[in-house]
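Work through the exercises below with the coordinates open. Each one sets a task, then solves it step by step.

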Amino acid sequence: MKGNRLMGLVILGTAVFAGVPFILDSESSYVVYFLFLTFIYIILAQGWNLVAGYAGQISLGQHAFFGLGAYVTAITWLRGITGYFDPLAMIFSGLGTAILAILIGIPLLSKLRGDYFALGTLGLGEILRVIFTQGGTLTGGTVGLLLPSGVYESMKPYYFTGLGLALFATAAVYFIARSRIGLALIAIKDDELAANTNGINILKYKVLAFSIGAFLTGLGGSLQAYYLFHIHPVGFFSLKWALYPILMSIMGGTGTILGPIVGAFFLAGVFELINIWLPESHPIFSGGLIIAVMLFLPNGFIRLKIKGIFGEKGERRRR
Amino acid sequence: MTNFLSFQTLCQILVNGVLFGTMYGIAAIGMSLIFGTMQIIFIAQGAMIILAAYISFWLFTLLFVDPLLSILFVVPAFLILGGGLYQVLFRKVAYVGKNPSLLIAFGFMVLLENLMSTLWTPNTRAINTSYTAFGIPVLGLQISFTRLVAFVIAIVATIGVTLFLKKTLIGKAVRAASEDLGAAALMGIGIHWVNSITFAVGIGLAALAGITTATTYPFDPYFGFIFSLKALIAVAFGGIGSVGGAFFGGILLGVIESLGFYFLSGVWADAISYVVFLLVLMLRPEGLFSRFTRLA
């Protein structure tokens, strides 16, 4: 797919989604809520996509960044540093998670590769959850933090912020992937040794991708914190915030721009539909569906027609 | 926290840790074997363990079959199930890349957990046999009979799997495949067949871990995922792909948890096992018990 067509598609999609709250009643419509949730997933999925799809580093600890982003927003608000829907709080959340990603990323990425890195990041998420559970008055312990929900007025600002951030995440990944950085990342994914001998500073680029991915994830966490008004360790450090975006990216097609978006819409849609029609048995079908999609479309939806937007080959098994 | 700690208490903590750790150990061996040949983390291992626990629970509750006796036919059934599972779910995508296999394992775990939860309610279950509360006093320590049996079974299973890998032709093929899959295929080893065998053994071990868990600890459908995570840590301790290492890794994890639980609270105990896990991954990625150094 050419850049122009991709850009046109994204602009068209954005325009359509921007119109939705004006047609449907944003306060009572389930569709608006569903789309909001999907936008959050797109933000997270794009963050993971950059780290795993382009740089080839599979992170299983994105929920650490999601939770941290939410807590930064909540804590700065409760301390009066920022306010309700404060862009500053979101930037703090993003930067805070990015800094954590750099601090953690340097030792992890310099030492661990492949599955070991995945396992390490998984440990990171679990450690952070315990730290925030034991954080005393600052984090509110197991109960978490309650934000003043009286300021809630309308669903619209959430919807548009979600849409804007999803667009931002997509654009960020798009432009990074097309830049020097993106080329370096793809080179690292394809062959680390070859990339290194060609003068690419592997650690620098890996940490860069990891921290940008964390930044995006932190933004998603911040938005979810504003929406729920109740930040607690079990909900925000749930492994679901790491696993669902991964599933969405892979189902849609990792290492592509549109893949995570398609995957997010598909999976969130299926989860919600089954949740409505078959509330009791919904996770059974979700599990079955994941198996079915992977058996018949192992490279994701987006690679059905287009063999990779940037012309890279489908994933091969490396040994 | 500053309780008086007698030598006897310390011993009791260590013994409990070792006995509990053997559960992680057998779960970890299965995971380690599957990782060896398939190169994927079989995250559904914990769910399979819980499935076996449920089966022995129902056999005991409905048909009054002793859980230890049920090992005799549940484990063979799971061996067949494991082989079949590979043929149905993984054969097709085994060489497309890692992600599909990983996701199928994840999907299978979600499916299994929720199937069990829907069929048998998410309530916590436990098997209460006539000997459950029976304890053996050894040198002033109380050792639960069921835990001791579980410990012995785990050791026998570990030795069994080690012998299988070392002494039989099939075992040799499995080891060859986990060392170099391409070369093994060139030597005429049927890769799908080897993977099938590995899965069968892995799932068979899951059955063993499940039944012994059911006799000693309460369980619920969602306990499996935690079990998988713990088994994963044990695998990392022992070095990925090593049978004995995975078993001792499990015991080490059990001891660390037991000590952490006693000296700090239960929540911190979890964090400590993860911190140790991260340190091991960074400092000795080849595993704590490995004799040679390998790069991660």
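**Exercise 1. Is the crossing of α3(B) and α8(B) right-handed or left-handed?**

Solution. Start with the ground rules. This is a predicted model, where local features need pLDDT of at least 70, side-chain atom pairs count only at pLDDT 80 or more, and totals for chains, interfaces and linings use all residues. Residues are numbered from 1 along each chain as its sequence is written, while chains are lettered from A and ligands numbered from 1 in the order in which they are written.

Step 1. Find the helices. Helix α3 covers residues 67–90 of chain B, and helix α8 covers residues 191–216 of chain B. Helices (H or I, at least four residues) and strands (E, at least two) are DSSP runs, numbered from the N terminus.

Step 2. Get the geometry. The two helices pack at an angle of about 145°, with axes 7 Å apart. Axes are lines fitted to C-alpha atoms, for helices over the stretch in contact, and angles run from 0 to 180 degrees between N-to-C directions.

Step 3. Assign the hand. The crossing of α3(B) and α8(B) is right-handed. A crossing is left-handed if the near helix is turned anticlockwise from the far one by less than a right angle, and right-handed if clockwise.

Step 4. Classify the contact of α3(B) with α8(B). It has 17 nonpolar residues, nine polar and no charged ones. Ala, Val, Leu, Ile, Met, Phe, Trp, Tyr, Cys and Pro count as nonpolar, Asp, Glu, Lys and Arg as charged, and the others, Gly among them, as polar.

**Exercise 2. Check the length of helix α5 of chain B and find its buried residues.**

Solution. Step 1. Helix α5(B) spans residues 145–167, which is 23 residues. The expected span is 1.5 Å times one less than the number of residues. That should give 33 Å; the end C-alpha atoms are 32 Å apart, which agrees.

Step 2. List the buried residues of α5(B): T146(B), R147(B), A150(B), F151(B), A154(B), A157(B), T158(B) and V161(B). A residue is buried if 20 or more other C-beta atoms lie within 10 Å of its own, exposed if 12 or fewer, and partly exposed in between, with C-beta atoms placed from the backbone.

Step 3. Find their partners. The buried residues of α5(B) pack against α1 (7–38), β2 (141–144), α8 and α10 (243–263) of chain B.

**Exercise 3. Describe each chain as a whole.**

Solution. Step 1. Take chain B. It has 11 helices and two strands. Its radius of gyration is 19 Å, close to the 19 Å from the globule rule for 296 residues, so chain B is as compact as a globular protein of that length. The radius is taken over C-alpha atoms; the rule is 2.2 Å times the number of residues to the power 0.38. Buried residues make up 53% of chain B. Its C-alpha trace spans about 60 × 50 × 35 Å along the principal axes.

Step 2. Take chain A. It has 13 helices and two strands. Its radius of gyration is 19 Å, close to the rule's 20 Å for 319 residues, so chain A is as compact as a globular protein of that length. Buried residues make up 52% of chain A. Its C-alpha atoms fill a box of roughly 55 × 40 × 40 Å along the principal axes.

**Exercise 4. How many residues of chain A are in contact with chain B?**

Solution. Step 1. Count both sides: 33 residues of chain A are in contact with 35 of chain B. Contact means that the C-beta atoms, placed from the backbone, lie within 7 Å.

Step 2. Locate the chain A side. α4 (87–111), α5 (114–133), α11 (240–252) and α13 (282–296) of chain A each supply at least two residues.

Step 3. Sort that side by class: 16 nonpolar, eight polar and nine charged.

**Exercise 5. Place S59(A), F85(A) and F64(B).**

Solution. Step 1. S59(A) sits in the loop between α2 (30–54) and α3 (62–78) of chain A. With 30 other C-beta atoms within 10 Å, S59(A) is buried. Leaving out residues up to four places away in sequence, S59(A) touches W48(A), V51(A), A52(A), A118(A), T121(A) and F210(A).

Step 2. F85(A) lies in the loop between α3 and α4 of chain A. Its phi is positive, about 50°, although F85(A) is not a glycine. F85(A) is partly exposed, with 17 other C-beta atoms within 10 Å.

Step 3. F64(B) is in the loop between α2 (45–63) and α3 of chain B. Its phi is positive, about 55°, and F64(B) is not a glycine. F64(B) counts as exposed because it has 7 C-beta neighbours inside 10 Å.

Key: Two residues are in contact if their C-beta atoms, placed from the backbone, lie within 7 Å.
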